[in-house]
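Subject: A structure to look through

Dear colleague,

Here is the structure that I promised to pass on to you. Please open it beside this message, and then read on for what was found in it.

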Amino acid sequence: MRRIISSCAAFVLVAGCAGTATDTGVTDVAEPADCAPVTSTDLNTEDGWLGLIDQSPENVSVLIDDGRGRVVEHRPEDPQVLASAVKVVHLAAYSRAVAGGALDPDEQVPLTDWERWYVPGTDGGAHPEALKRLGIANDGIGATDPSSTVRLDDMVTAMIQESDNAVPDYLRHRLGDQAIVDAAAAGGWDDFEVPSLAGTFLALFAPSVAVGDPWDVANKWAFDSQFRADVNNAVVIPSYDAQAAGLESTFAKGSARELNGIYRALADGSFGDGSDLALSKLEYQQPPEGVLGLGFKGGSFPGVLTQAFELRREDGSTATAVWLIDGLDADRYQAATAGLVHEQALIIDAMNSASGDSGSGGDSGSSDGSGLSALDRIACVV
């Protein structure tokens, strides 16, 4: 199948006001008195990302909880397409299964069993990049020796680090839907709708043959060679707008609050058995100075960018953040993916800002000279 779109998550690049108490004891951050209008549309700056919230409030959901009693939120209950950010639920289910003895992380999985769930050209090159990192010979599309094996735990790292799309469906096949639904519920997310990456993209790009329930379609792709041939002969590349509309209408959704709940449960241990293993996969990058761990999983589909973080401090406190965006036209989407590092830096600073300061280093003042913390700057526009 020809290269189609990028659905992989961008890699996180770690950047070096009084409220009113709610009934839960959390403090919602009131809009600071010295807010200034944010008019920037330049997504290569933090102000541009703030401006995106202000200019398209109906397309953005934000929930940032600094773990010190301060929360900023905007449309936290509204469901939006999560793209690959949803894979944290599959990670949670895997970690729970390992903790319970249902899966062995050292199991050697035939590459054929991994790649049967892989739809080439729909992941922005994530799968071959994962093979390369794992030292598995490949031709830029798939493994050159499908009969060889890979450690199950290494497959799961590919789901998080490169955002491999085949692993979530593989785990769904191995664990069953209920195990994934139960893992979501353990993080406070009820009625989770288990998505199929393969089924969704097959229906989008071969609608004449990939008909029916996405999971049924994915299983046909995985186990029916004639169906694979039929799909490859029926591929039609939709326009960007058609891709965005199709994914918006078909892919599983979730709210910022639901996704944030998974991260908080894993980070503070309330998820239960498997929390530590899941965190070890999310926290694969060097955290900022003074931070014990920083975990992340984001995602991107045409029109959609999603970010979700957890941050654990040495004092035992935990911050979480979710920032969901949809409705981006092609030009804005391209600009957003190019400037993603600025959004991520803003989120991390907001998670770890002390009251009255900005940035993970605890220095007073802000990077834009406003004197407001990153959390307060976001509070100004939500």
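Does Asp-153 count as buried or exposed, judged by its relative accessibility? Before the answer, please keep in mind that this is a predicted model. Asp-153 has a relative accessibility of 7%, and because buried means under 20%, Asp-153 counts as buried.

Asp-153 is found in helix H5, and once its neighbours within four places in sequence are left aside, its contacts are Tyr-94, Pro-105, Leu-277 and Lys-281. One of these, Tyr-94, lies 59 residues away from Asp-153 in sequence, although the two are 9.3 Å apart in space when taken from C-alpha to C-alpha.

Staying with H5, you can look at how this helix packs against helix H6, which covers residues 166-175. Two packed helices are described by the angle between their axes and the distance between the axes. For H5 and H6 the angle is about 130 degrees and the axes are 8 Å apart, and the two helices are therefore oblique to each other. On the H5 side the contact is made by Leu-152, Met-155, Val-156 and Met-159, and on the H6 side by Val-167, Pro-168, Tyr-170 and Leu-171. Sorted by class, the residues of this contact are 8 nonpolar, with no polar and no charged ones.

H5, which spans residues 152-161, also takes part in the packing of helix H4, whose buried residues pack against H5 and against helix H3 (111-115). The buried residues of H4, which runs over residues 126-133, are Ala-126, His-127, Pro-128, Ala-130 and Leu-131. Just after H4 comes Gly-135, which takes a positive phi of about 75 degrees.

A second helix pair to look at is H2 (residues 87-99) with H7 (residues 177-186), whose axes come within 8 Å and cross at roughly 100 degrees. That crossing makes H2 roughly perpendicular to H7. In this contact Val-89, His-90, Ala-92, Ala-93 and Arg-96 of H2 meet Ala-179, Ile-180, Asp-182, Ala-183, Ala-184 and Ala-186 of H7, and by class there are 8 nonpolar, 1 polar and 2 charged residues.

Turning to the strands, S3 (residues 60-65) and S4 pair in the antiparallel sense over 4 bridges, and within this pairing Ile-64 has Val-72 in S4 as its bridge partner. The hairpin of S3 and S4 has 4 residues between the strands, and in this hairpin Gly-67 takes a positive phi near 75 degrees. Of the 5 residues of S4, which covers residues 70-74, 4 are buried, so this strand is largely enclosed by the rest of the structure.

Finally, how many disulfides does a search of the whole structure find? The search finds 1, and this disulfide joins Cys-35 to Cys-380 with an S to S distance of 1.9 Å. The pair links distant parts of the chain, 345 residues apart, with Cys-35 in the loop between strand S2 (27-29) and helix H1 (46-55), and Cys-380 in the segment after helix H16 (374-379). The torsion about the S-S bond is about -85 degrees, so the disulfide is left-handed. As for accessibility, Cys-35 counts as partly exposed at 23%, whereas Cys-380 counts as buried at 15%.

With best wishes

Note on methods: Residues are numbered from 1 along each chain as its sequence is written. This is a predicted model: local features need pLDDT of at least 70, side-chain atom pairs count only at pLDDT 80 or more; totals for chains, interfaces and linings use all residues. Side-chain values use heavy atoms; hydrogens and water are left out. Buried means under 20% relative accessible area, exposed over 50%, partly exposed in between (1.4 Å probe, protein chains only). Contact means heavy atoms within 4.5 Å. A disulfide is a pair of cysteine sulfur atoms within 2.5 Å. Two strands pair if DSSP finds at least two bridges between them. Axes are lines fitted to C-alpha atoms, for helices over the stretch in contact, and angles run from 0 to 180 degrees between N-to-C directions. Angles under 35 degrees count as roughly parallel, over 145 as roughly antiparallel, 65 to 115 as roughly perpendicular and the rest as oblique. Ala, Val, Leu, Ile, Met, Phe, Trp, Tyr, Cys and Pro count as nonpolar, Asp, Glu, Lys and Arg as charged, and the others, Gly among them, as polar.
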